[in-house]
Amino acid sequence: MSEPSSGTGGNAELREFLRSRRARITPEEAGLSPQPGSRRVPGLRREEVAQLAGVSVDYYVRLERGRGTNVSESVLDAIARALRLNAIERGHLFTLARPTRTQHRPMPQQRVRPGLQRVLDTLTEIPALVLGRRLDVLAANPLARALYTDFDALPARERNMARFVFLDEAAHELYTEWESAARGIVATLHLYAGQHPHDPQLAELIGELSVCDKDFRRWWADHDVFHRTHGAKRYHHPVVGDLTLCYEALAPAGDPDQTLGLHTADPGSPSEEALRLLANWTSEPNQLHPESATHRKFPPSTSST
């Protein structure tokens with residue numbers, strides 16, 4: 001098997017991801033016999049990961065230091081098995097270990113695809129929105145704005161789901177299980193960071209959230225990754241009360257940087273009735289400008305993403 005070549009700067013994201021993954025696993029969980037004496041590191045040692053993966057210690061050490069390039073698929077598979085990575089984590093490892101060459105410059109402003117906007121316009125009975133890069137909210141129908149906040153009323157820079165969850169005090173009341181939702185946001189951003197390591201707007205977002213919120217700062221250091229597909233979330237809305245909504249995250253073919261998010265309730269459930277009440281509420285004048293938008297921790301800005 002080929003050796004990873006050394007570099008000068010290294011891959012910090014790969015380094016921290018591998019460190020965080022081996023820290024989660026004890027030797028006993030990995031099937032290794034416990035060694036006498038105290039351990040100075042949590043989880044597995046580097047040499048233990050190398051042993052489990054069938055590579056030399058020197059090879060793994062250089063790889064974990066972020067100085068490996070052109071690492072073979074068989075080596076990455078072996079390391080993924082040794083660290084017991086799930087499918088999402090395995091894909092993230094491959095992305096980090098085989099970075100594409102990208103330039104350090106702002107990405108062009110992202111706009112919702114016209115076809116997705118037309119789909120959104122037809123959805124009047126369920127909350128629906130389109131998320132773009134960095135969880136930017138590109139478009140949202142009236143029910144989604146009523147459920148979360150009126151993103152259209154915010155400056156373009158602040159129309160972002162991560163900023164809403166961490167910097168809008170109303171989000172803590174809206175999500176019945178706020179910590180779970182917030183950690184999912186962080187893990188989703190980490191997955192995006194692996195795919196777009198040189199996105200300056202992402203660096204700005206991470207810096208802002210790290211400064212403003214200690215929970216975000218702590219969870220970002222965990223290096224967990226998550227890919228939104230489907231699930232259920234519980235809400236407590238100030239107008240209609242408790243809801244349990246299932247969500248589907250659909251990425252259109254040919255444009256993985258845009259995701260259509262749909263929220264539905266079980267037929268005949270109290271949540272379906274609450275959605276119906278919320279739809280009636282949105283039809284009243286001036287109902288899509290909740291006071292929560294004035295409680296944000298970040299200063300107002302007119303710059304665009």
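This section describes the overall architecture of a predicted protein model and the setting of selected residues.

In the predicted model, the secondary structure of the protein chain comprises 13 helices and 5 strands. The protein chain contains 305 residues, of which 47% are classed as buried. When contacts between residues at least 6 apart in sequence are considered, 62% of them link residues at least 24 apart. The accessible surface of the chain amounts to about 15600 Å², and carbon and sulfur atoms account for 51% of this area.

Cysteine residues were examined next. A disulfide is a covalent bond between the sulfur atoms of two cysteines. A search of the whole structure returned 0 disulfides. With regard to solvent accessibility, C212 has a relative accessibility of 30% and is therefore classed as partly exposed, a category that lies between the buried limit of under 20% and the exposed limit of over 50%. C246 likewise has a relative accessible area of 30% and is counted as partly exposed.

The surroundings of D150 were also analysed. D150 is located in the loop between α7, which spans residues 142-147, and α8, which spans residues 161-167. The relative accessible area of D150 is 6%; because buried residues are those under 20%, D150 falls in the buried class. The side chain of this loop residue, D150, forms a polar contact with the side chain of R145 at 3.3 Å. D150 thus combines a loop position with a buried classification and a side-chain polar contact to R145.

Notes. Residues are numbered from 1 along each chain as its sequence is written. This is a predicted model: local features need pLDDT of at least 70, side-chain atom pairs count only at pLDDT 80 or more; totals for chains, interfaces and linings use all residues. Side-chain values use heavy atoms; hydrogens and water are left out. Helices (H or I, at least four residues) and strands (E, at least two) are DSSP runs, numbered from the N terminus. Buried means under 20% relative accessible area, exposed over 50%, partly exposed in between (1.4 Å probe, protein chains only). Contact means heavy atoms within 4.5 Å. Accessible areas come from the Shrake-Rupley method with a 1.4 Å probe; for residues, only the protein chains shown count as cover. A disulfide is a pair of cysteine sulfur atoms within 2.5 Å. A polar contact is a pair of N or O atoms within 3.5 Å; within protein, one must be able to donate a hydrogen and the other to accept it, and residues adjacent in sequence count only if both atoms are side-chain atoms.
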